[in-house]
Amino acid sequence: MNRPFWKESVVYQIYPRSFYDSNNDGIGDIKGIIEKLDYLKELGINVLWISPLLESPLDDNGYDVSDYRKILDDYGTMEDYENLLSQAHDRGIKILMDLVVNHSSNEHNWFLESKKSKDNPYRDYYIWRDAKEGAEPNNWGSFFGGSTWQYDPETKMYYLHLFTKKQPDLNWENEKLRYEIYDMMKFWCEKGVDGFRMDVINLISKVQSYDDGIVHNNLYGDGAPYYMNGPRVHEYLQEMNREVLSKYDIMTVGETPGVTTKDAKQYANNNQTELNMIFQFEHVGVGDENLGKWTTKRFDFMEFKSIIIKWQEELYGKAWNSLYLGNHDQPRSVSRFGDDSAQYRELSAKMLVTFNQMLQGTPYIYQGEELGMTNAYFENLEDYNDVESLRYFKEYTESGLISEKEMMECLKLRSRDNARTPFHWDDSTNGGFSAHKTWIKMNPNFTEINAKEQLLRQDSVFNYYKNIIALRKYHTVIYDGKFVPYMIESDKVFAFTRETENENLFVMCNFTKENVEIEIPQYYLENGVCIISNYNITDYTHRYILKPYEAFVISKN
C-alpha cells in the first residue's frame, strides 16, 4: 500500500536550546543538532520536529517570533539551517518547522508599525479594542496568567494577547496578513523544510463580539468559547491548504487545545483539505482541577484509558491520530505516567513506549524520553525559567488560592521546565551538553541517566526504543490495524489488539507496580510470537501474572 510518509514516520522533537551546545556558550544550537544526527539515525526516527529557531526576544523561549525569515543568532545562521536540512535529508530524516502564527513578538516590525497610529497600514494586523468603562475590553484571562489585554498609551487602546503581553495576537480577519503568512510558509518550503508543526493553530479565529467569559477562581473570565475552534478557523486552514500546503509534499500537525474527536475529523479529515493530524490534549490534561494543571494529584488511570480508547475508536478510518505522552510543554512522561523511581524507571519507560507506539497514528518522541529522562524536581523558584510557571506562581500565591509551599510542589510535578533541562549525553560536566554554565540548571541525575551509558548497554531504554521503532517497519498492522480494547474494566492494565486480515497484535501494558493476573486469549498462544517484551520473556500461558510495569506484544499471522 502506498501510504503518505507521515503515516509511516516516527517523529522526534528537539528543544534546540537544550539539545547540544556545539560552541560552549551554554545554549544548544543548530550545529549541535547536526553533530547528533547520526545518534538520531541510529535510534531509527525519520522526522525531526524542532521547536522555534527564528529571531525572537525569547519572552516565551522562541514562541514569540520577531522575524519569520531569520534564524536566531543563539542558534546559528541561515547557512547553518540550510546545512542541517541537507545533512538530515542525506540521512533520510525530514525536518518539521515550528510555525507560530497565532501571535508574533511585540518586537516584530508588523507590531512596531501597528502601534504607531490608528491609521497605520499595519494597524489591522493585530487586534485592537477600545476600553470598556475605563478598563479592559473584556474579562478574559491569558494562558499565562493575568488579563489578555494590554493598554497602549500612545493610541489609548488595548491589544489582545492570549499569551504574554509580549505576544500580541495576529488578526487573521485581515486577508493581507494571511497572505503574508502564506508567502512566508512558501519561503521555508522552497528552502526544503518537510512540513510544519503549527502552534495553537485552532486559536487563530476569534468571535468578533469579544464577550466576557465565565469567571473561574474569582480572577478572570474564560475566553476559550470565543477563540478556541473559532467561527472561521476551518475557512482559514482550507485557504492555507489551497495556497501552500497542497503545493508541496509536506507533513502538517496542528497543536489544538480544547478539541473534540468531532473537531479532529474536520481538521485532519481524510480528504486532506486542512491538516494531516492534530495534537489533542485530553489525555495529558487528566487530573487537572480548579487551578488547571497545578495539582499534585496522580492522574486518574481509568479516565486516561477511556480518553485514549475514544480517540482510537472514533478517528479510525476518518482521521489520523498523533501519539504522544510528553513534549516541551509537558512534564517528563516517565514521571507523569510511569514511575521514575530507581527501581521502576526503566521498566515503566519501556512500558510507556510500548503502549504509545502500538496505538494507531504517528508517534512522537520528545528528546530524552528514549533515555527515560525524569522531572528535574527543582527545590528553588530561582531555578525555574518558564514564564508560565513563574507567572502562575506569583498570581496564585499572591491571590491566596494556594500556598507557596504547595505551589512549589505543583511546579515540581507539572512545570514545563521539567522537559527543558539539557539533554544528558554522558556523565561528564553538565552531562556532556556544554562545557559552559547552562542556560537552565541541569537535572543532577545525568550521571545515572545518559546516552553514552545506554548506547553501550543492550537492555537500556534507548535500545528498547530502537527495537520498537524498528518493529514498525516490518509490521504493517501497526499502521492499518483496527484498535480493539481488551480488559476495559481493569484499573491497572491497558490492553488492546490491532487487527487486519493478515496479522493481529496483542498488546499488554501494566501501568502499576503491582502483580496483576490476566488471561491471554488462546488464539494468541497458538503459534503467536512475542515480538517485544520489557522483561525479555518469550513464553506465555493462558493465565499469566503480569509483573510491575510489564509490557509485551504478541504477533499472530
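Okay, let's start with a helix pair: helix H3, residues 78-90, packs on H5 at an angle of about 55°, and their axes are 10 Å apart. That angle makes H3 oblique to H5. Before I go on, keep in mind that this is a predicted model.

So who is touching whom? On the H3 side you've got Met78, Tyr81, Glu82 and Leu85, and H5 answers with Phe187, Trp188 and Lys191. If you sort the residues of that H3 and H5 contact by type, you get five nonpolar, no polar and two charged.

Now stay on H5, residues 175-191, and look at its packing with helix H7, residues 233-243: here the angle is about 40°, with the axes 10 Å apart. H5 and H7 are therefore oblique to each other. Which hand does the crossing of H5 and H7 have? The crossing is right-handed. From H5, the contact uses Arg178, Tyr179, Tyr182, Met185 and Lys186, while H7 brings in Tyr236, Glu239, Met240 and Glu243. The split for this contact of H5 with H7 is five nonpolar, no polar and four charged.

While we're on H7, which of its residues are buried? Those would be Val233, His234, Tyr236, Leu237, Glu239, Met240 and Asn241. The buried residues of H7 pack against H5, but also against strand E9, at 195-198, and helix H8, at 261-267.

Okay, over to the strands. There's an open sheet of five strands, and reading across you go E16-E17-E18-E22-E20, with antiparallel pairing. Which strands sit at the edges? Strand E16, 482-486, and strand E20, 529-533, each of which pairs on one side only. From one strand to the next, the twist averages 20°.

Two helices pack on this sheet. Helix H9, residues 301-315, touches E16 and strand E17, 493-499, and the direction of H9 makes about 10° with that of E17. Then helix H11, residues 345-357, touches E17, strand E18, 504-510, and E22, and the H11 direction makes about 145° with that of E18.

Zooming in on the E20 end: E20 and strand E22, residues 551-556, pair in the antiparallel sense over four bridges. If you want a residue pair to click on, Ile532 stands opposite Val553 in E22.

Next, a pair of strands further along. Strand E19, residues 516-519, and E21 pair in the antiparallel sense, again over four bridges. Val516 has Leu546 as its bridge partner in E21. E21 itself, residues 543-546, has two distinct faces: Tyr544 and Leu546 are on the covered one, and Arg543 and Ile545 are on the uncovered one.

Last stop is strand E8, residues 157-160. Met157 and Tyr159 point one way, Tyr158 and Leu160 point the other way, and all of them are buried. What does E8 pair with? Strand E6, residues 128-129, pairs with E8 in the antiparallel sense over two bridges, and Arg129 stands opposite Tyr158. Strand E7, residues 149-152, also pairs with E8 in the antiparallel sense, over four bridges. There, Asp152 has Met157 as its bridge partner in E8.

And one backbone detail for the torsion fans: the hairpin of E7 and E8 has four residues between the strands, and in that hairpin Lys156 takes a positive phi near 55°. That's my tour, thanks.

Technical notes. Residues numbered from 1 in each chain as written. Predicted model: local features only at pLDDT ≥ 70, side-chain atom pairs only at ≥ 80, totals over all residues. Heavy atoms only, no water. Pairing = 2+ DSSP bridges. Axes fitted to C-alpha atoms, helices over the stretch in contact; angles between N-to-C directions. Contact = heavy atoms within 4.5 Å. Parallel < 35°, antiparallel > 145°, perpendicular 65-115°, else oblique. Left-handed = near helix turned anticlockwise from the far one by under 90°. Nonpolar A, V, L, I, M, F, W, Y, C, P; charged D, E, K, R; others polar. Buried < 20%, exposed > 50% of the residue type's maximum accessible area, 1.4 Å probe, protein only.
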